[in-house]
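Here's a quick briefing on a sheet, a core and one serine. Have the model open as you read.

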Amino acid sequence: MAQSIWSATAVTPAATDRIPVDTGAAGAPSRWTGQQIADASGFIGKTHNALGSISTNTAINLANGTYVSATIGAALTFTITNPPASPNGCEFTLVLTNGGAYTVTWPGSVTWAGGTAPTLTESGVDVLHFATGNGGTNWYAAHDRD
């Protein structure tokens with residue numbers, strides 16, 4: 001007979017609970033919501049691909065990591081290379097510093113939420129999210145705003 005992961009002394013989850021992930025000092029489990037579970041892949045197992053200061057056309061090579069950071073030092077064009085060939089899709093995060101100080105050109109395969117590329121911060125940080133469900137043929141992107 002298969003054993004349940006919930007013993008008689010454990011808290012039986014409510015329909016809205018998902019996974020007990022931690023216990024506090026009192027021993028009561030805290031729980032992740034469905035949204036936190038959906039977002040977990042964005043926080044777990046990402047490799048940081050630090051591009052440093054870039055001033056020329058640059059490939060975002062996803063084989064080197066899916067958390068990508070760069071400081072923009074001149075006008076440039078990004079390309080996106082080596083997405084995993086997975087039917088489940090791929091996502092990456094791009095953190096740009098001073099992206100609005102220069103013209104940044106995006107690949108034609110990128111469709112932005114809202115229809116147009118965002119205006120980036122001239123002196124500061126922007127966080128951009130990209131997702132594909134077809135091996136990089138089409139990318140869907142969004143810009144985090146405060």
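Let's start with F78: skipping its neighbours within four places in sequence, F78 is in contact (heavy atoms within 4.5 Å) with I54, T58, I60, I72, L94, L96, V104, T105, W106 and P107. This is a predicted model, where local features need pLDDT of at least 70, side-chain atom pairs count only at pLDDT 80 or more, and totals for chains, interfaces and linings use all residues. Numbering runs from 1 along each chain as its sequence is written, and side-chain values use heavy atoms, leaving out hydrogens and water.

**The core**
- The largest nonpolar core (buried Ala, Val, Leu, Ile, Met, Phe, Trp, Tyr and Cys joined through side-chain atoms within 4.5 Å) has 22 residues, and F78, F92, L94, L96, W106 and F130 touch the most other members.
- Two or more residues each come from β5, β6 (76–81), β7 (90–97), β9 (110–112), β10 (125–132) and β11 (139–144); strands here are DSSP E runs of at least two residues, numbered from the N terminus.
- β7 is the top contributor, with four residues.

**The sheet**
- Six strands make an open, mixed sheet ordered β3-β5-β7-β10-β11-β9, where pairing takes at least two DSSP bridges between strands.
- β3 (48–54) and β9 sit at the edges with a single partner strand each, so one side of each has no neighbour in the sheet.
- β7 and β10 pair antiparallel over eight bridges, and F92 stands opposite F130 in β10.

**S69**
- S69 lies in strand β5 (residues 67–72) and is buried (under 20% relative accessible area, 1.4 Å probe, protein chains only), at 16%.
- Beyond its neighbours within four places in sequence, S69 is in contact with H48, N49, A50, L51, G52 and V95.

Note on methods:
Buried < 20%, exposed > 50% of the residue type's maximum accessible area, 1.4 Å probe, protein only.
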